[in-house]
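Visitor: I would like to know how the labels on this model are earned. Could you take me through the reasoning, one label at a time?

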Amino acid sequence: MFSLNSLAQTKQQGNDDKSDKGLKDYYKDYFPIGVAVGPWSLKGDQAALILEQFNSVTPENAMKMGPIHPEENRYFWKDADAIVNFAVENKIRVRGHNLCWHEQFPKWIFTDAKGDTVTKEVLLQRLKDHIFTVVNRYKGKIYAWDVVNEAIDDNPDNFLRNSPWYKICGEDFIVKAFEYAHEADPKALLFYNDYNTERPEKRERVYKLLKKLVDSKVPINGVGLQAHWSIYEPSEKDLRDAIEKYSSLGLQIHFTELDMSVYPWEKERREKKPGEKDVLTPELEQKQIDQYKMVFKVFRENKGKITSVTFWNISDRYTWLDNYPVSGRKNYPLLFDTTLKPKKVFWEVVKF
């Protein structure tokens, strides 16, 4: 197991671009700074960077229902356990991600042995069993959970996404997921998590859902704003408006999955086009610097409302955006480059 004891052996000596302080130290009076990790990143130079820079981790994929609960009567704990054990050993907080989602689900969850769609009662019982089992395993080690993920539809004409969860259970699956999670661990903070939450039209629908939950006394503590952003959005006004809107409900705000793509937003997967460039030009780099500077300025000014900021992946060496939405198009969305050195943008984010 990689720990602080082995950090000194892994650090490179004589690097002029190394700081004695990490992001977590610069922001110690503001909020924890987290990072999404996989079991493969818990050793070597990536583990050293995690321990140097961050004081919170989120399992990128290891706790999603499909990976952790592949068969109805079988759980796969190895990867999730490795991440939690690493965090506990190194006194790092853990955000659990996630308990209920319409993607990365196991094949068995929505159907019976004959392949027919299960009833609402059966599905809710399966959800309860899953949440109780996972949350109880990490009780006292995971301080916050993304309970329900991305339930708002992408189509602005609709409210909730027409997922199998919704088709079978209606809105009840959202309420029940929070109730089950709270019952399993009454001390854990429980979050609703979604993307494009700063766009005005989607912001209103996310707010509508959150207000319904709060008004109905559902045990929800906060909203996770994913922050899969780009150098083109959000605007400062939209970001500030979103923070004000959601915090008006008395909810904590976590920015849960922060990265800053150097390309415009796209939702649908596609192949890389002939001649499509994927180089971090000086112009794109400067736009990224300006955007990161803006959002962290807004974060700092709202430290009373924001209680966590988490980057989605460690460095540009590996980012999920290298294969989404465009397969094989290199992206550069983080503060550290492919060699794990701080980029120019890092120094701007910590200069305040």
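Guide: Let us start with a cut-off for helix pairs. Angles under 35 degrees count as roughly parallel, and angles over 145 as roughly antiparallel. Keep in mind that this is a predicted model.

Visitor: Why are α9 and α10 called roughly parallel to each other?

Guide: Helix α9 covers residues 200–215 and helix α10 covers residues 236–247. They pack at an angle of about 10°. The cut-off is under 35 degrees, so α9 and α10 count as roughly parallel. Their axes are 11 Å apart.

Visitor: Which residues in α9 and α10 meet?

Guide: From α9 come Pro 200, Arg 203, Glu 204, Val 206, Tyr 207 and Leu 210. From α10 come Asp 238, Asp 241, Ala 242, Lys 245 and Tyr 246. By class, this contact has six nonpolar, no polar and five charged residues.

Visitor: Stay with α9. What makes Leu 209 buried?

Guide: Leu 209 lies in helix α9. Its relative accessible area is 2%. Buried means under 20%, so Leu 209 is buried.

Visitor: What does Leu 209 touch, not counting residues up to four places away in sequence?

Guide: Leu 209 touches Ile 152, Phe 159, Leu 160, Ile 174 and Tyr 192. Take Ile 152: 57 residues separate it from Leu 209 in sequence, while the two are 8.3 Å apart in space, C-alpha to C-alpha.

Visitor: Is Arg 126 buried or exposed, and how do you know?

Guide: Arg 126 sits in helix α6, residues 120–137. Its relative accessible area is 11%. That value is under 20%, so Arg 126 is buried. Beyond its neighbours within four places in sequence, Arg 126 is in contact with Glu 72, Trp 108, Ile 109, Phe 110, Thr 111, Asp 112 and Val 118.

Visitor: Why does His 182 count as partly exposed?

Guide: His 182 belongs to helix α8, residues 172–184. Its relative accessibility is 33%. Buried needs under 20% and exposed needs over 50%. His 182 falls in between, so it counts as partly exposed. Residues up to four places away in sequence aside, His 182 touches Leu 190 and Pro 219.

Visitor: How far is His 182 from Phe 110?

Guide: They are 72 residues apart in sequence. In space the distance is 23 Å, C-alpha to C-alpha.

Visitor: Now the backbone. What is notable about phi in Asn 196 and in Ala 227?

Guide: Asn 196 has a positive phi of about 55° although it is not a glycine. Ala 227, also a residue other than glycine, has a positive phi near 65°. Asn 196 is in the loop between β5 (189–194) and α9. Ala 227 is in the loop between β6 (222–225) and β7.

Visitor: What makes Asn 196 and Ala 227 buried?

Guide: The cut-off is under 20%. Asn 196 has a relative accessible area of 13%, so it is buried. Ala 227 is at 1% relative accessibility, so it counts as buried too.

Visitor: Where are the cis peptide bonds at Pro 234 and Pro 325?

Guide: One runs from Glu 233 to Pro 234, with omega near 10°. Pro 234 is in the loop between β7 and α10. Another joins Tyr 324 and Pro 325, with omega about 0°. Pro 325 is in the loop between β10 (306–311) and β11 (326–327).

Visitor: What makes a space a cavity, and how many cavities of 30 Å³ or more are there?

Guide: In a cavity a 1.4 Å probe fits but cannot get out. By this rule there are five of 30 Å³ or more. The largest cavity has a volume of about 190 Å³. It is lined by 20 residues, with His 228, Trp 229, Ser 230, Ser 261 and Trp 265 closest to its centre. β7 gives the most to this lining, with three residues. By class, the lining has nine nonpolar, five polar and six charged residues.

Visitor: And the largest pocket: what is its volume, and which residues lie nearest its centre?

Guide: A pocket is an open set, unlike a cavity, where the probe cannot get out. The largest pocket has a volume of about 550 Å³. It is lined by 24 residues, and Trp 101, Glu 103, Arg 269, Trp 320 and Tyr 324 lie nearest its centre. The lining divides into seven nonpolar, nine polar and eight charged residues.

Key
Residues numbered from 1 in each chain as written. Predicted model: local features only at pLDDT ≥ 70, side-chain atom pairs only at ≥ 80, totals over all residues. Heavy atoms only, no water. 1 Å grid on protein atoms, 1.4 Å probe; cavity = no way out; pocket = protein on both sides within 12 Å on 5 of 7 lines; lining within 4 Å. Points joined across faces, edges and corners; volume = space filled by probe spheres on them. Helix = DSSP H or I, 4+ residues; strand = E, 2+ residues; numbered from the N terminus. Nonpolar A, V, L, I, M, F, W, Y, C, P; charged D, E, K, R; others polar. Axes fitted to C-alpha atoms, helices over the stretch in contact; angles between N-to-C directions. Parallel < 35°, antiparallel > 145°, perpendicular 65-115°, else oblique. Contact = heavy atoms within 4.5 Å. Buried < 20%, exposed > 50% of the residue type's maximum accessible area, 1.4 Å probe, protein only.
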